[in-house]
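Got your viewer open? Let's take a walk through this model, one selection at a time.

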Amino acid sequence: MTPQQQTRQAAVEAAAYRIRQHALAMGEVQGQGYVGQALGAADILAAVYADQLAFRAEDPAWDGRDRFLLSTGHYAIGLYAALAEAGIVPVEELETYGSDDSRLPMSGMSTYTPGMEISGGSLGHGLTIAVGLALGLRARGNPARIVNFLSDGELDEGSTWEAAMGAAHHRLGRIIAVVDINALQADGPTAGVLRTEPVAEKWAACGWHVQRVDGNDVGALLGAFDAIAARIEGPEAVDDGGHGAPSVILCDTKVGRGVPLLEEREKAHFMRIEEHEWAVCQEQLTAGYAEQTREKVAL
Ligand SMILES: Cc1ncc(C[n+]2csc(CCOP(=O)(O)OP(=O)(O)O)c2C)c(N)n1
Ligand SMILES: [Mg+2]
């Protein structure tokens, strides 16, 4: 790894750590919530917001911004943490998460929160919106990219696959789907709810450029985004004014990642965490990050 790559990766890892800290702090206000998903997806959100997306913190509606669509409304806690890290939502506001009159409701609402592009509580709609948005942006000559964050549960939805076929058919090369495969859904393990594997082959059959990575490995995530950027913008680019195969990054992640106490929870979809456990969670998170940083220095 070059020193530049090291610096870049360390910056994203630091952002992921702060996103996890924020998510735990928000969860503590309510005593419960979708904390496991936020911790699991923190590395993806950090790679997106600290490294990939073009945005203006002071002008979230700037027309040149890349669009980040959170299909999974219940992951909003993770996105609020990332928006705070990005400077779009004030850090002090995070403690209002889930309270009456807060701009940060438990399920993501585009009309409430700056930087929240869509309301995503009804699963399986993010990619359909991405298709319409990509067609509209291309028609207007706007080269913005659209990153749609999906969960593995959303692969149970027919609308997701209709949109996947539509994106490939219309050659919407500026769409990047990022799927958080945490192997979990509300009713239990994904493998038991509906067998969606082999997932990579399904996306490929729909006409997508497919990569599958460890979604808790920042280096692997950045590599996957770089490969997509090369396809869209580099000297070898196959993207012709926004016409190309759309890209998907399948991210295998661990619910509760970074906090061993939560990684082992059985009822992980909606976690209830005892009052005395929150401090333990923050301590475990900090200890893990310190360890990770020390290992990097030793290498
Ligand atoms: C269309 C639709 N069907 C059902 C639900 C109810 N629901 C809420 S979360 C969830 C689990 C979906 O799987 P996933 O997003 O992978 O869950 P997680 O990884 O967060 O546990 C379900 C079925 C919903 N919100 N929308
Ligand atoms: Mg899931």
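Leaving aside its neighbours within four places in sequence, which residues is leucine 39 in contact with? Select leucine 39 and look around: the list is Arg20, Ala23, Gly256, Arg257, Gly258, Val259 and Leu262. Keep in mind as you click that this is a predicted model.

**Stop 1: leucine 39 and its helix**

Leucine 39 sits in helix α2. Is it buried or exposed? Leucine 39 has 31 C-beta neighbours inside 10 Å, and 20 or more make a residue buried, so leucine 39 counts as buried. Now add glycine 256 to your selection. Leucine 39 and glycine 256 are 217 residues apart in sequence, yet their C-alpha atoms are 4.9 Å apart in space.

**Stop 2: the nonpolar core**

Next, select Ala23, Val35, Ala38, Leu45, Ala46, Ile77 and Tyr80. Of the 84 residues in the largest nonpolar core, these touch the most other members. Which helix gives the most to this core? That's α2, residues 35-52, with 12 residues.

Pick out valine 35 from that group. Not counting residues up to four places away in sequence, valine 35 touches Ala23, Leu24, Gly27, Ile77, Leu262, Met271 and Ile273.

**Stop 3: helix α1**

Select residues 3-30 to light up helix α1. At 1.5 Å a residue, its 28 residues should span 40 Å, and the end C-alpha atoms are 41 Å apart, which agrees. Just after α1, click on glycine 31: its phi is positive, about 80°.

**Stop 4: zoom out**

Hide your selections and show the protein chain as a cartoon. You can try counting 10 helices and nine strands. The radius of gyration is 18 Å, close to the 19 Å that the globule rule gives for 299 residues, so the chain is as compact as a globular protein of that length. Turn the model around, too: along its principal axes the C-alpha trace spans about 55 × 45 × 40 Å.

How many of the residues count as buried? Of the 299 in the protein chain, 46% do. And among contacts between residues at least 6 apart in sequence, 75% join residues at least 24 apart.

**Stop 5: helix α4**

Zoom back in and select residues 126-139, which make up helix α4. This helix has 14 residues and reaches 20 Å from its first C-alpha to its last, close to the 20 Å expected at 1.5 Å a residue. Colour its buried residues: Gly126, Leu127, Ala130, Val131, Leu133 and Ala134. A handy thing to know here is that an α-helix has 3.6 residues a turn, so residues three or four places apart point the same way.

What covers the buried residues of α4? Show β2 (67-70), β3 (146-151), α5 (158-169) and β4 (175-181), which are included in that cover.

Now click on alanine 134. It counts as buried because it has 26 C-beta neighbours inside 10 Å. Not counting residues up to four places away in sequence, alanine 134 touches Ile146, Leu172, Arg174 and Ile175. For a distance to try in your viewer, go from alanine 134 to arginine 67: they are 67 residues apart along the chain, with 9.7 Å between their C-alpha atoms. Just after α4, stop at glycine 141, which takes a positive phi of about 70°.

**Stop 6: some backbone details**

Select aspartate 101, in the loop between α3 (76-85) and α4. Its phi is near 70°, a positive value in a residue other than glycine. Aspartate 101 counts as exposed because it has 7 C-beta neighbours inside 10 Å.

Move on to arginine 171, in the loop between α5 and β4. Arginine 171 also has a positive phi, about 50°, although it is not a glycine. With 17 other C-beta atoms within 10 Å, arginine 171 is partly exposed.

Then find proline 198, in the loop between α6 (190-193) and α7 (199-205). What is special to look for here? The peptide bond from glutamate 197 to proline 198 is cis, with omega near 0°.

**Last stop: ligand 1**

Finally, select ligand 1 and show what surrounds it. Of the 15 residues around ligand 1, Leu123, Ser151, Gly153, Gln185 and Ala186 come nearest. Which classes make up this shell? Colour by class and you should find three nonpolar, 11 polar and one charged residues.

Definitions and conventions
Residues numbered from 1 in each chain as written. Chains lettered and ligands numbered in written order. Predicted model: local features only at pLDDT ≥ 70, side-chain atom pairs only at ≥ 80, totals over all residues. Core = buried A, V, L, I, M, F, W, Y, C linked by C-beta atoms within 7 Å. Buried ≥ 20, exposed ≤ 12 C-beta atoms within 10 Å, placed from the backbone. Helix = DSSP H or I, 4+ residues; strand = E, 2+ residues; numbered from the N terminus. Contact = placed C-beta atoms within 7 Å. Near = placed C-beta within 6 Å. Nonpolar A, V, L, I, M, F, W, Y, C, P; charged D, E, K, R; others polar. Rg over C-alpha atoms; globule rule 2.2 N^0.38 Å. Expected span 1.5 Å × (residues − 1).
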